[in-house]
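Visitor: I should like a close look at a single part of this model. Please describe one strand together with its surroundings.

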Amino acid sequence: ANVREQTEAQGLPADYLIDCVYDSASARLFLLGGTHEGGLHMYHVNMNMVTPCMALAGGHNQTVRSIDWDVQRAMLFSGGEDSVLCLWSPQESAGKQEFAGRVRQPHRSRAAHAAPY
């Protein structure tokens with residue numbers, strides 16, 4: 001089965017894949033995928049399959065285009081077509097580590113851009 005079929009069968013589907021990140025502390029390779037509605041999913045990459053790790057929700061409402069994982073500070077940054085930059089940081093919740101999103105909306109000017117000519 002391909003990655004899309006595996007993630008769908010395991011209940012955490014991905015419409016597209018964004019990037020892979022290697023965490024040297026855990027010696028694990030993570031794959032990040034997303035949904036066109038803004039869902040961001042993290043999977044462990046194993047020899048013959050990927051297994052769901054966690055879902056990051058509430059940050060985006062459109063396709064996520066880029067991620068950057070700061071392994072040193074255990075933070076994940078994501079940027080999407082919704083013009084939102086999210087910072088995801090780990091939180092302890094009921095004895096289980098989860099990532100919580102903090103969203104920073106971009107400054108939007110009401111003034112029209114000047115025409116180049």
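Guide: The account below follows one strand, its partners and the core beside it. The model is predicted, so local features need pLDDT of at least 70 and side-chain atom pairs count only at pLDDT 80 or more, while totals for chains, interfaces and linings use all residues. Residues are numbered from 1 along each chain as its sequence is written, and side-chain values use heavy atoms, with hydrogens and water left out.

The part chosen is strand S3, residues 40-45; strands (E, at least two residues) are DSSP runs numbered from the N terminus. Five of the six residues of S3 are buried, that is, under 20% relative accessible area with a 1.4 Å probe and protein chains only.

S3 belongs to an open sheet of four strands in the order S1-S2-S3-S4, with antiparallel pairing; two strands pair if DSSP finds at least two bridges between them. The edge strands S1 and S4 each pair on one side only. From one strand to the next the twist averages 25°, with axes taken as lines fitted to C-alpha atoms and angles running from 0 to 180 degrees between N-to-C directions.

Strand S2, residues 28-34, pairs with S3 over six bridges in the antiparallel sense. Glycine 34 has leucine 40 of S3 as its bridge partner, and glycine 33 stands opposite histidine 41. Five residues lie between the strands in the hairpin of S2 and S3, where glycine 38 takes a positive phi near 105°.

With S4, residues 50-56, S3 also pairs in the antiparallel sense over six bridges. Histidine 44 stands opposite threonine 51 in S4, and the hairpin formed by S3 and S4 has four residues between the strands.

A nonpolar core is a set of buried Ala, Val, Leu, Ile, Met, Phe, Trp, Tyr and Cys residues joined through side-chain atoms within 4.5 Å. Among the 16 residues of the largest such core, Leu32, Leu40, Met42, Leu56, Ile67 and Leu76 touch the most other members. S3 is one of the elements that give two or more residues to this core. A second, separate core of five residues includes Leu12, Ala14, Leu31 and Tyr43.

Leu40 is also among the residues touched by serine 78, where contact means heavy atoms within 4.5 Å. Serine 78 is found in strand S6, residues 75-80, and counts as buried because its relative accessibility is 1%. The side chain of serine 78 makes a polar contact (N or O atoms within 3.5 Å, one able to donate a hydrogen and the other to accept it; residues adjacent in sequence count only if both atoms are side-chain atoms) with the side chain of histidine 60, at 2.7 Å.

Notes: Buried means under 20% relative accessible area, exposed over 50%, partly exposed in between (1.4 Å probe, protein chains only). Lists of a residue's contacts leave out its neighbours within four places in sequence.
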